Amino acid sequence: MGDWLDRLNEEELEGWNEFVRHYREDVLPRMEESALFMTVVSPARTDIKFAVELGMAIMLEKPIITVVTPGARVPQKLRAISEA
């Protein structure tokens with residue numbers, strides 16, 4: 001089984017490459033300059049943008065501040081890495 005990227009058509013691959021470019025050129029530099037990563041956890045469905053940014057924050061070893069809205073479930077591992 002090949003990499004999932006190998007199964008993308010030209011349009012899908014173009015979209016993926018734009019997503020990667022955006023995060024490398026726009027989001028990552030701002031995150032590198034920030035002092036911390038703050039997130040709000042709500043009962044809504046998992047947000048992929050949030051997941052990518054949380055992963056970056058972990059890789060950059062940023063302090064992670066988590067605010068939880070009523071009714072939200074905080075995964076145990078997120079709770080473990082959160083500062084407050």
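Which elements make a right-handed β-α-β unit in this structure? Here are some friendly notes to help you find them and a few other features.

1. The model is predicted: local features need pLDDT of at least 70, side-chain atom pairs count only at pLDDT 80 or more, and totals for chains, interfaces and linings use all residues. Residues are numbered from 1 along each chain as its sequence is written, and side-chain values use heavy atoms, with hydrogens and water left out.

2. The right-handed β-α-β unit is made by β1, helix α2 (residues 48–59) and β2. Right-handed means that, with the strands pointing away from the viewer, the path from the first strand over the helix to the second runs clockwise. Helices (H or I, at least four residues) and strands (E, at least two) are DSSP runs, numbered from the N terminus.

3. Now look at the two strands. β1 pairs with strand β2 (residues 64–68) in the parallel sense, over 5 bridges; two strands pair if DSSP finds at least two bridges between them. V40 has V67 in β2 as its bridge partner.

4. V40 and V67 also appear on the surface: with L36 and M38 they make a nonpolar patch of about 350 Å². Patches are made of residues with over 30% relative accessible area and no salt bridge (a side-chain nitrogen of Lys or Arg within 4 Å of a carboxyl oxygen of Asp or Glu); like charges are joined within 9 Å, nonpolar side chains (Val, Leu, Ile, Met, Phe, Trp, Tyr) within 5 Å. Accessible areas come from the Shrake-Rupley method with a 1.4 Å probe, and for residues only the protein chains shown count as cover.

5. L36 sits in the loop between α1 (10–33) and β1 (37–41). L36 counts as partly exposed because its relative accessibility is 39%; buried means under 20% relative accessible area, exposed over 50%, and partly exposed in between.

6. Turn next to the aromatic rings, where the structure holds 3 pairs. Rings of Phe, Tyr and Trp (its six-membered ring) pair if their centres lie within 6.5 Å; planes under 30 degrees apart count as stacked, over 60 as edge-to-face and the rest as tilted. W16 and F19 are stacked, at 5.4 Å centre to centre with 25° between the planes. They are 3 residues apart in helix α1, so about one helical turn separates W16 and F19.

Key
Buried < 20%, exposed > 50% of the residue type's maximum accessible area, 1.4 Å probe, protein only.
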